[in-house]
Amino acid sequence: MKDFVSEIHQNENSDIELKNELYHYNALHGLEQKYGSSFYVLDVNKLRENYHKINNAFKSRYSNFIIGYSYKTNYVPYLCKELSKLGAYAEVVSRLEYDLAIKIGENPKKIIFNGPLKMKDDIHYALENESILNIDSLYEIEFIKEYAILCPNKQINVGLRLNFDVSENGVSSIQEGYSRSRFGICIENGSFHSALDELHKIKNVRVVGLHGHFSTSTRSVETYKLKTKKLCKIAKEYILDSLEFINIGGGIYGELPKSFQISAPTFDDYAEAICEVMNHEFATFDKKATLVLEPGVSMVANTFIFVAKVIERKTVTDINYVLVDGSVHNIKPTMHKNNLPCRVIQKKQLDQEKGTYHIVGYTCMEKDYLAHDLTGDLPQKGDYIIFENVGAYTIVFNPPFIKERPAIIAMDLKEIFLIRNKETINQFFNEELYYF
Ligand SMILES: *Cc1c(COP(=O)(O)O)cnc(C)c1O
């Protein structure tokens, strides 16, 4: 395990504002008085920068391009709204997320409705709103058919999420080591063909797009290239007359902290490979299919930090434990063992004792480690620890376990404001939910 405490990411420009303004004891102490002894901070500038970087990388190479932000990665309403203002579509995978998109004022036509579970009412509502609906399983076709019969004069557009082999050199790269993804409609066993047959039987339904999202562990450029080719080839073969979009899903790497020591492809690397395929496949076409990308982690991971106050440092035999007002659930709910980049903001710097220590959380689980085996100045009571790169799959995964959820504040052009209050006991044990 490496020690990242003193690392400074000098190449990450827009972090500088956050660092200049917040990475001082007095600044954090001031925030603690208002928001509590642990909280998240969203760097709004960084978010805008990520959006523009992704958008420019693709749009400069293939102009007919759309970003659908993956809500599930982090659906703090303020963040979703900010991305919507920038032009992102909302990519949602449940009725709950769909309704949130409506609630923040998203144009329903700019909602991409994916996901394995859609009830009849959800599908009818989305079709009524003319949202972009991608069918994940065959059962959804029944609901579409019913709606088409109810509205015989309405032109209904749908997309199909496809499932095909994306192994690299014969080895599956699907996350968790599965041989195949469980999502989408399988090409090889005929499901795709029967879906098309069923849909073609309905007069007022058109299949206007294909979708292919695969969570791979490699996130390799090569997979995106193959995937884009495959989607284009199938689209041209089966739905060319109605084709409007090719959706390649999400899953690309964002800009990683140097401490991760992974040399990830850049947005330009992905865009170059994917857009080359699109430009080639549609070279001779007047109307070029819209390319849709659904970034989640790459859009938001580096836009949040989590600040937690040091409550105590204790020693068991000769092991140092630094207890903070936070939990592993706040920063890495999957509890992986890699340390996130983190920084200690010291109250006093005099005569600091040095050593190795673990940062541990408030839950009663033995495995509640926010960081392992750090070395350097030993944090002291009253210091603050800042964990970086905590924007993706954290806040949405933070279980209501043992303690209320912390506040979320945002920083934009040096202005700081609340975007979620610290939870109260009345909200935690909501009387509309629980019977007392
Ligand atoms: C989760 C998800 C995404 C986003 O994936 P990331 O790995 O966070 O980029 C995009 N599209 C769909 C359909 C998803 O389920």
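Begin by selecting Lys-201, which is exposed, with a relative accessible area of 60%; exposed here means over 50% relative accessible area, buried under 20% and partly exposed in between, with a 1.4 Å probe and protein chains only. The model on screen is predicted, so local features need pLDDT of at least 70 and side-chain atom pairs count only at pLDDT 80 or more, while totals for chains, interfaces and linings use all residues. Residues are numbered from 1 along each chain as its sequence is written, and side-chain values use heavy atoms, with hydrogens and water left out.

**Salt bridges**

Add Glu-198 to the selection, and you have the partner with which Lys-201 forms a salt bridge, the closest N and O atoms being 2.9 Å apart; the term stands for a side-chain nitrogen of Lys or Arg within 4 Å of a carboxyl oxygen of Asp or Glu. Glu-198 is partly exposed, with a relative accessible area of 26%. Select next Lys-46, Glu-49, Lys-53 and Glu-255, which are joined into one network by salt bridges that share partners.

Then go to Lys-19 and Glu-388, another salt-bridged pair, whose closest N and O atoms are 3.7 Å apart. Lys-19 belongs to helix α1 (residues 15-22) and Glu-388 to strand β16 (residues 384-388), so this pair ties together parts that are 369 residues apart in sequence. Helices (H or I, at least four residues) and strands (E, at least two) are DSSP runs, numbered from the N terminus. Lys-19 is buried, at a relative accessible area of 14%, and Glu-388 is buried as well, at 8%.

Glu-140 and Lys-118 come next, a salt bridge in which the closest N and O atoms are 2.9 Å apart. Because Glu-140 sits in helix α7 (residues 139-150) and Lys-118 in the loop between β4 (111-113) and α6 (120-128), the pair ties together parts that are 22 residues apart in sequence. Both Glu-140 and Lys-118 are buried. A search of the whole structure finds 30 salt bridges.

**The ligand**

Now select the ligand together with the 16 residues around it, among which Lys-72, Gly-251, Glu-294, Val-297 and Tyr-393 come nearest; a residue is counted as near when one of its heavy atoms lies within 4 Å. Which atom of Lys-72 should you look for here? A polar side-chain atom of Lys-72 lies 2.7 Å from an oxygen atom of the ligand. On Gly-296, a backbone N or O atom lies 3.0 Å from an oxygen atom of the ligand, and on Tyr-393 an N or O atom in the side chain is 2.6 Å from an oxygen atom of the ligand. Taken alone the ligand exposes 390 Å², and the protein buries 91% of that, with areas computed by the Shrake-Rupley method with a 1.4 Å probe.

**Surface and interior**

Turn to Ile-425, Phe-429, Leu-433, Tyr-434 and Phe-436, which make a nonpolar surface patch of about 610 Å²; patches consist of residues with over 30% relative accessible area and no salt bridge, and nonpolar side chains (Val, Leu, Ile, Met, Phe, Trp, Tyr) are joined within 5 Å, like charges within 9 Å. Within the patch, Phe-429 lies in the segment after α13 (425-428) and is partly exposed, with a relative accessible area of 38%.

Finish at Leu-231 in helix α9 (residues 221-238), which is buried, with a relative accessible area of 0%. Display Ile-246 beside Leu-231: the two are 15 residues apart in sequence and 6.8 Å apart in space, C-alpha to C-alpha.

Definitions and conventions:
Polar contact = N/O pair within 3.5 Å; in protein donor to acceptor, adjacent residues only side chain to side chain.
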